[in-house]
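Trainee: Could you take me through one part of this structure slowly? I'd like a close look at how two helices sit against each other, and at anything odd in the backbone.

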Amino acid sequence: VRSKSAEAGECAIEGFHLVEEALRSGLEVTAIVRTPSAEHYWERLRRWLNGRERCFLTPERIFRTLAQTKTSQGIAALVRLPAWKQTQALTRPNAVVAAVVGLQDPGNLGTILRTLEAFGGAACLLGPGTVSACNAKAMRASAGAIFRLPVFAYSTESHLLAACRQHGLRTIALDVKAKGMLHEHDLRRGFAFFVGREGSGLSRTLVAEVEEVMRIPIAAPVDSLNAALVAGLVLYEAARQRGFSF
């Protein structure tokens with residue numbers, strides 16, 4: 001089912017596991033749509049329903065015109081995402097925040113969200129040119145993390161940096177040209193780390209604006225890493241330094 005704009009706080013989701021995660025996470029479910037062939041999924045979801053959801057049974061042929069997945073499971077929902085407060089999310093003690101700028105691949109973004117939640121991240125900040133967190137593929141890749149992790153979007157890099165500084169977050173950029181290594185930096189205090197677009201990375205202007213620049217050591221001839229993998233390594237190193245205390 002096509003995702004609606006997150007401006008209204010609502011997103012369309014598709015597939016049993018994502019709908020189940022939304023219900024388990026306590027989200028407000030505006031509507032659930034299912035086909036006759038999805039009856040076994042429907043029975044498994046019943047225990048999470050509170051009776052306030054609008055539920056619709058629709059023919060397979062109609063559902064297929066709405067579905068985005070090639071092999072649809074015949075179940076979808078319209079959910080209202082939480083209204084997170086920026087100050088509350090970014091001022092958590094020693095918060096770890098991912099700042100994603102210009103990332104185009106929704107699968108990468110969803111994986112970053114999932115990894116952030118797995119390692120106790122506080123929030124994800126989306127800079128200009130980044131795919132929407134409500135993109136259907138991003139939501140599936142997040143495995144439900146999008147329902148529980150605060151996500152905030154900013155129209156410019158300067159607004160993104162200002163939000164980090166306003167809330168006392170150290171700003172760190174991952175750059176292959178940096179001298180300092182990731183493991184050489186103290187990641188026990190709160191920080192926001194910046195990850196750029198696939199291929200070109202972060203802009204030189206943004207790299208010049210952050211407080212610290214570091215790189216992940218990799219062997220030649222490889223010259224870059226997948227954005228989601230970079231985020232995972234940063235989050236793992238921060239968790240390791242903190243004794244995996246989430």
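**Two helices side by side**

Mentor: Sure, let's start with helix α5 (residues 106-118) and helix α9 (residues 227-241), which pack at an angle of about 10 degrees, their axes 8 Å apart. Angles under 35 degrees count as roughly parallel, so α5 is roughly parallel to α9. As for the handedness, α5 and α9 cross in a right-handed way.

Now look at who touches whom. On the α5 side you'll find Asn 108, Thr 111, Ile 112, Thr 115 and Leu 116, and they meet Ala 227, Ala 228, Ala 231, Gly 232 and Leu 235 of α9. Sort the residues of this contact and you get six nonpolar, four polar and no charged.

Next, follow the chain to the loop between β10 (212-214) and α9, where Pro 221 sits. The peptide bond joining Ala 220 and Pro 221 is cis, with omega about 5 degrees. That's worth a pause, because most peptide bonds are trans, and most residues other than glycine have a negative phi.

On the phi side, check Asn 94: it isn't a glycine, yet its phi is positive, about 55 degrees. You'll spot Asn 94 in the loop between α4 (86-90) and β5 (96-100), partly exposed with a relative accessible area of 44%. Ala 143 isn't a glycine either, and its phi is also positive at about 55 degrees. Ala 143 belongs to the loop between α6 (136-142) and β7 (151-153), and it is partly exposed too, with a relative accessible area of 29%. Oh, and keep in mind that this whole model is predicted.

Technical notes
Residues numbered from 1 in each chain as written. Predicted model: local features only at pLDDT ≥ 70, side-chain atom pairs only at ≥ 80, totals over all residues. Heavy atoms only, no water. Axes fitted to C-alpha atoms, helices over the stretch in contact; angles between N-to-C directions. Helix = DSSP H or I, 4+ residues; strand = E, 2+ residues; numbered from the N terminus. Parallel < 35°, antiparallel > 145°, perpendicular 65-115°, else oblique. Left-handed = near helix turned anticlockwise from the far one by under 90°. Contact = heavy atoms within 4.5 Å. Nonpolar A, V, L, I, M, F, W, Y, C, P; charged D, E, K, R; others polar. Buried < 20%, exposed > 50% of the residue type's maximum accessible area, 1.4 Å probe, protein only.
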